[in-house]
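Work through the exercises below with the model at hand. Each task is followed by its solution.

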Amino acid sequence: MQDFTLPLDFVDNYILKAKPEYVVVYLYAYRHKDTTHSAESISKAIKMDKETVDNAINYWTEAGYNIFNAEVKKLPEKPKYTVKELNELAQIAPDFEFMRTTVESILGKTMTLGNCQTLAWMYKDAGLDVSSIILIANYAKKANKPRIKYMENIVERMVESGITTYEETEKFITKLKRADNYHNKIKKMFGIERELTTN
């Protein structure tokens with residue numbers, strides 16, 4: 001019987017803290033790290049609903065692990081722009097300031113420093129244009145998740161998939177909407193008010 005080792009950071013900091021189903025998703029992806037994964041393929045292989053797999057992928061991405069190619073090292077940390085750098089960005093890139101105020105209006109929340117840093121990451125480092133970021137904000141609002149963190153999770157998945165253009169973003173958001181509609185139909189059919197889980 002062959003063995004495989006796990007990153008100590010995963011064992012020490014996550015294996016007891018994460019939801020059991022999230023650990024299962026990670027272990028499966030890591031065990032088959034030489035195989036091309038998708039949320040659908042993982043869901044089918046471990047007989048777990050896709051929404052839970054998607055949530056697990058978001059969890060591990062947020063923790064710094066790239067679930068799709070099962071890298072055991074953390075993804076590069078996002079740059080923490082200073083207030084001065086953000087002000088300079090707003091001055092030299094008026095579209096960034098327009099995007100910031102528009103997202104603030106859409107989400108109905110005042111942007112904190114951390115929120116602005118995340119928007120700057122989307123704009124400068126993730127390579128998304130203003131229209132794409134505003135589109136994601138509108139989706140987050142309509143999905144009843146008007147939070148920068150939710151937008152960040154979406155963008156992280158897009159970055160993993162190499163999505164940068166507005167057209168690609170539209171297609172990605174369309175897929176998310178279809179998944180939302182499907183889950184809502186299932187919940188309505190069975191009279192479920194909470195989010196679907198494996199329990």
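**Exercise 1. Place lysine 47 and judge its exposure.**

Step 1. Lysine 47 has 76% relative accessibility, so it counts as exposed (exposed is over 50% relative accessible area, buried under 20%, partly exposed in between, with a 1.4 Å probe and protein chains only).
Step 2. Lysine 47 sits in the loop between α3 (39–46) and α4 (50–63).
Step 3. Its phi is near 55 degrees, a positive value in a residue other than glycine.
Step 4. Most residues other than glycine have a negative phi.

The model is predicted: local features need pLDDT of at least 70, side-chain atom pairs count only at pLDDT 80 or more, and totals for chains, interfaces and linings use all residues. Numbering starts from 1 along each chain as its sequence is written, and side-chain values use heavy atoms, without hydrogens and water.

**Exercise 2. Do likewise for asparagine 144.**

Step 1. Find the loop between α8 (130–142) and α9 (148–160); asparagine 144 lies there.
Step 2. Read phi: near 65 degrees for asparagine 144, again positive and not a glycine.
Step 3. Asparagine 144 counts as exposed because its relative accessibility is 66%.

**Exercise 3. Describe the whole chain.**

Step 1. Count elements: the protein chain has 10 helices and zero strands (DSSP runs, H or I of at least four residues for helices, E of at least two for strands, numbered from the N terminus).
Step 2. Take burial: 42% of the 199 residues count as buried.
Step 3. Take contacts (heavy atoms within 4.5 Å): of those between residues at least 6 apart in sequence, 65% join residues at least 24 apart.
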